[in-house]
Amino acid sequence: MGSGMAGRLLSANFPLAIYNRNRDKAKSVADAGAFLASTPREAAARADVIISMVADDPASRAVWLGENGASAGAAPGTVWIESSTLTVDWVHALGAAASNQGCALLDAPVTGSRSQAAAGELRFLVGGSDAGLEAARPVLAALGNDIVHFGPTGSGAVMKLINNFMSGVQAASLAEATAFILASGLDHDKALAVLTNGAPGSPLVKLLSARAQAGDFAPNFILRLMAKDLGYAIEEASRRQIDLHTAAGALAVFQRAMAAGYGEKDFSAVIESSANSAKTSRKT
């Protein structure tokens with residue numbers, strides 16, 4: 001996602017400094033014209049707008065506030081944009097750190113895939129001040145085709161957790177439905193056509209079904225990160241006295257897939273994991 005976003009900024013003629021813990025992963029963007037920094041601090045020192053796209057809370061904390069983190073290089077007035085899927089508690093803590101330095105934080109996680117990142121077709125779910133958003137709008141507009149401002153700091157993070165928990169539930173339901181189909185001895189292709197072409201056939205269900213049928217589990221969104229997001233959503237909802245029973249069930253399905261070795265594959269591989277489990281059960 002980050003490399004696609006970086007490519008879009010370069011194509012829109014923004015001066016760009018980049019950092020990645022694995023310099024080899026950043027080489028293609030550097031070759032295209034970006035300055036490859038040695039630390040987040042060095043990258044941030046060259047920027048008016050700083051964007052982070054990382055895996056989870058610990059990675060975000062390290063890149064912003066760790067040794068030689070981006071916050072150490074950020075000048076007052078800089079806009080910080082955190083586009084990762086994170087806990088709301090950490091987003092608020094990061095917002096306080098930004099404010100203490102005279103900076104504005106936008107929590108602006110995205111919906112969309114790697115291909116949409118490269119095409120500038122992301123949707124940004126934004127929390128933060130109106131002034132911060134307006135300052136960052138030209139950058140966000142180069143990266144996406146929709147910017148939805150939900151309110152104060154943390155609002156975008158909450159919306160992203162809701163979005164991803166629903167996506168995870170759909171994926172887990174399709175995985176279990178596939179196992180149910182196989183265990184029942186139904187014609188798999190006919191049964192799947194009924195589901196994907198009928199009421200259950202959301203765009204996501206159609207997409208995941210096609211990937212599973214093709215056996216294409218090259219990561220667009222890594223399975224273990226979906227499990228992480230489900231856990232974050234359950235935690236945040238619980239803080240608000242909401243029990244996400246369907247998210248808890250979906251998380252269990254993803255955890256079984258991780259235990260079976262699918263954690264680094266695309267999250268559609270949860271379908272193959274459940275299918276293989278059903279096939280094994282039938283044999284025994």
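Which residue just after α2 takes a positive phi? The residue is Gly33, with a phi of about 130°. The structure in view is a predicted model, in which local features need pLDDT of at least 70, side-chain atom pairs count only at pLDDT 80 or more, and totals for chains, interfaces and linings use all residues. Residues are numbered from 1 along each chain as its sequence is written, and side-chain values use heavy atoms, with hydrogens and water left out.

A look at the whole protein is a good place to begin. Its secondary structure comes to 14 helices and eight strands. The radius of gyration is 20 Å, close to the 19 Å of the globule rule for 284 residues, so the protein is as compact as a globular protein of that length. Helices (H or I, at least four residues) and strands (E, at least two) are DSSP runs, numbered from the N terminus. The radius of gyration is taken over C-alpha atoms, and the globule rule is 2.2 Å times the number of residues to the power 0.38. Along the principal axes, the C-alpha trace spans about 65 × 45 × 35 Å.

Of the 284 residues in the protein, 46% are buried; buried stands for under 20% relative accessible area, exposed for over 50%, and partly exposed for values in between (1.4 Å probe, protein chains only). Among contacts with a separation of 6 or more, 64% join residues 24 or more positions apart, where contact means heavy atoms within 4.5 Å. The accessible surface comes to about 13,400 Å², and carbon and sulfur atoms hold 53% of it. Accessible areas come from the Shrake-Rupley method with a 1.4 Å probe, and for residues only the protein chains shown count as cover. As for charges, the mean positions of the 24 positive and 25 negative ones are 5 Å apart. Here Lys and Arg count as positive and Asp and Glu as negative, while His and the chain ends are not counted; the place of a charge is taken as NZ of Lys, CZ of Arg, CG of Asp or CD of Glu.

From here the chain can be followed residue by residue. Asn13 is found in the loop between α1 (2-11) and β1 (17-18). Although Asn13 is not a glycine, it has a positive phi of about 70°. Asn13 is exposed, because its relative accessible area is 68%. Further on, at the start of helix α2 (residues 23-31), a side-chain oxygen of Asn22 reaches to within 3.0 Å of the backbone nitrogen of Asp24. Another Asn with a positive phi is Asn68, at about 60°. Asn68 lies in the loop between α4 (57-65) and α5 (70-73), and it counts as partly exposed because its relative accessibility is 33%.

Two helix residues come next. Leu195 is found in helix α10 (residues 188-197) and, at 24% relative accessibility, counts as partly exposed. Leaving aside neighbours within four places in sequence, Leu195 is in contact with Ala177, Ile181, Pro200 and Gly201. The C-alpha atoms of Leu195 and Ala117 are separated by 29 Å, with their positions 78 residues apart along the chain. Val253 sits in helix α13 and is buried, because its relative accessibility is 3%. The C-alpha atom of Val253 is 6.1 Å from that of Ala172, a residue 81 places away along the chain. Not counting residues up to four places away in sequence, Val253 touches Ala172, Ala175, Glu176, Val270 and Ser274.

The last stop is the loop between α13 (245-259) and α14 (269-283), which holds Ser268. Asp266 lies in this loop too, between α13 and α14. Ser268 counts as buried, because its relative accessibility is 0%, and Asp266 is likewise buried at 0%. Their side chains make a polar contact at 2.7 Å. A polar contact is a pair of N or O atoms within 3.5 Å; within protein, one must be able to donate a hydrogen and the other to accept it, and residues adjacent in sequence count only if both atoms are side-chain atoms. A polar atom of the Asp266 side chain also lies 3.0 Å from the backbone nitrogen of Phe221.

With residues up to four places away in sequence not counted, Ser268 touches Leu208, Arg211, Asp216 and Phe217. On the same basis, Asp266 touches Arg211, Phe217, Ala218, Pro219, Asn220, Phe221 and Leu223. Arg211 and Phe217 thus appear among the contacts of both Ser268 and Asp266.
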